[in-house]
Amino acid sequence: MSWAVTGMGAVAGVGGDVDELFHNLCAGRSGVAELRGFDHALHTAHHAYEVDNRPAPGVDVTRRATGLLLDAVGQAVRDAGLDESDLSGVPVLVGTGLRELRSVELWRTQGAEFPAAELHFGTALREAFQADDTHTLSNACSAGLYALALGVDLLAQGADTVVVAGVDVLTETMYGLLERVQPVPPTRVRPFDRDRDGVLMGEGAAAVVLSRVPGGRPVHGLVRDVAVNCDAFHVTAPDPAGIAEAIREAHSRGGVKPADIDLLMVHGTGTLLNDEAEATALADVFGPDRDKPLVTATKSMTGHTSGASGLLNLVVTLRCLAEGRVPPTVGLDDPVDEAEGFRFVTGEAAHRPLTVAQLNAFGFGGINAVAILEAAR
């Protein structure tokens, strides 16, 4: 069974709503810029894909993750025609990698006011929307699609409406950790390119409203199903076998085969291990059909938004299906050997009728999630 997406919202470094985000991605506009929130002298890497909403360069404030989340959820709820002043009884599921860790850093290092009750998002969601059934999932970079999987399960068990969201912002600890495990400080993200340097973090939030029965409301697209697993292969290194298993399960649950997929929205972080592992898994599953779907990686323009990335890509993918337009993978000039034969969209947006899409999200610890999406009928 498929589930209707009746509302969408998004905010990222390259766009403040779904329309602006999709327009800029299709135009090949990147959100990368010099680091705004931290002291440059403390870091070797100096670039990121941030949402430019701080009061001044180098000045950071608490609750930015919560603010982006409320923005995206508000957009999605209004888009779905729901009463945003009263979401009581509607499950709200939030996927995140870092929650409000940046606020904790500011509390610890600068004495910023930040009560413990605001560490999770339930407090703000109740105050803003009267949401009284909220749940936060912290599943690294696949958190958003894990939340989507739970949302689909709730609909299957009888829920009428579910709000699913994902959010993350830069934290100094994670930024510093990533720059120390990459040989050269990256200046941009170049997924699947042979000369890529690694990953840079991004910021963003996205939300969708899933409906059992649309009830005459416009439908952006359908979620056929979501597969999740945890192969526990390594703390950070991905396992192609575990990824391939998740893809095959998603195809089985979604009732599709590789030849049915028109668009592959890949995880594509630009790291030295992830891209080869993902390409190896896709080649294993798709085999002779690897040249059929168009392939793109939006992190080349949004950066890696961690727990928000899966749902940001979900929103973008549904727009791709609706418009028959696919953003390019910016900075991909010379694909790695493992990606040979794939039809990457590069240079400019591609135009083609699209019906079925596959969306990948993989996280540390082998936490894999794959969703199958379909254009609105």
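Me: Hey, Arg194: buried, exposed or partly exposed?
Reply: Going by this predicted model, Arg194 counts as partly exposed, at 40% relative accessibility.

Me: And which side chain does Arg194 meet in a salt bridge?
Reply: That would be Asp334, with an N to O distance of 3.1 Å. The two sit in distant parts of the chain, 140 residues apart. Arg194 is in the loop between helix 6 and strand 7, and Asp334 is in the loop between strand 11 and strand 12. Asp334 counts as partly exposed too, with 35% relative accessibility.

Me: What does Arg190 pair with?
Reply: Arg190 forms a salt bridge with Asp333, at 3.0 Å from N to O. This pair spans 143 residues, with Arg190 in the loop between helix 6 and strand 7 (204-211) and Asp333 in the loop between strand 11 (325-326) and strand 12 (343-344).

Me: Is Arg190 buried or exposed?
Reply: Arg190 counts as buried, because its relative accessibility of 14% falls under the 20% cut-off. Asp333 is another matter: at 63% it counts as exposed.

Me: How many salt bridges turn up in the whole structure?
Reply: The search finds 28.

Me: Which residues are linked in a network of them?
Reply: Glu50, Arg54, Asp60, Arg64, Arg102, Glu105, Glu172 and Glu203 are linked that way. One of the pairs is Glu172 with Arg102, at 3.6 Å from N to O. Glu172 belongs to helix 6 and Arg102 to helix 3, and they are 70 residues apart in the chain.

Me: How accessible are Glu172 and Arg102?
Reply: Glu172 is partly exposed, with a relative accessible area of 23%. Arg102 is buried, with 5%.

Me: Switching to pockets. What volume does the largest one have?
Reply: About 640 Å³. Its lining is made of 32 residues, and those nearest the centre are Leu178, Val199, Thr236, Thr271 and Phe364.

Me: Which elements give two or more residues to that lining?
Reply: Helix 6 (172-180) and strand 14 (356-363) do. Helix 6 has the largest share, with 3 residues.

Me: What about the domains, which ones does the lining draw on?
Reply: Domain 1 (3-211) and domain 2 (223-375) each supply at least three residues to the lining of the largest pocket.

Me: And how does that lining split by class?
Reply: There are 16 nonpolar and 15 polar residues, plus 1 charged.

Me: OK, what about the second largest pocket, how many residues line it?
Reply: It has 13 lining residues, and Asp39, Arg102, Thr109, Gln110 and Glu172 lie nearest its centre. So the salt-bridged pair from before, Glu172 and Arg102, shows up in this list again, with Arg102 being the buried one of the two. The volume is about 170 Å³.

Me: Where does the largest share of that lining come from?
Reply: Helix 3, which gives 5 residues. Helix 3 (101-110) and helix 6 are the elements that give two or more.

Me: How do the classes divide there?
Reply: The second largest pocket is lined by 3 nonpolar, 5 polar and 5 charged residues.

Me: Last thing. What feature does UniProt place at residues 1-375?
Reply: The unreviewed UniProt entry puts "domain: Ketosynthase family 3 (KS3)" there. In the model, that span is 30% helix and 20% strand, and its end C-alpha atoms lie 14 Å apart.

Notes:
Residues are numbered from 1 along each chain as its sequence is written. This is a predicted model: local features need pLDDT of at least 70, side-chain atom pairs count only at pLDDT 80 or more; totals for chains, interfaces and linings use all residues. Side-chain values use heavy atoms; hydrogens and water are left out. UniProt positions are given in the numbering used here, feature names are shortened, and annotations may be inferred rather than shown by experiment. Helices (H or I, at least four residues) and strands (E, at least two) are DSSP runs, numbered from the N terminus. On a 1 Å grid over the protein atoms alone, a cavity is a set of points where a 1.4 Å probe fits but cannot get out, and a pocket is an open set with protein on both sides within 12 Å along at least five of seven lines; lining residues have an atom within 4 Å of a point. Grid points are joined across faces, edges and corners, and a volume is the space filled by probe spheres set on the points. Ala, Val, Leu, Ile, Met, Phe, Trp, Tyr, Cys and Pro count as nonpolar, Asp, Glu, Lys and Arg as charged, and the others, Gly among them, as polar. Domain bounds come from an automatic or database domain assignment. A salt bridge is a side-chain nitrogen of Lys or Arg within 4 Å of a carboxyl oxygen of Asp or Glu. Buried means under 20% relative accessible area, exposed over 50%, partly exposed in between (1.4 Å probe, protein chains only).
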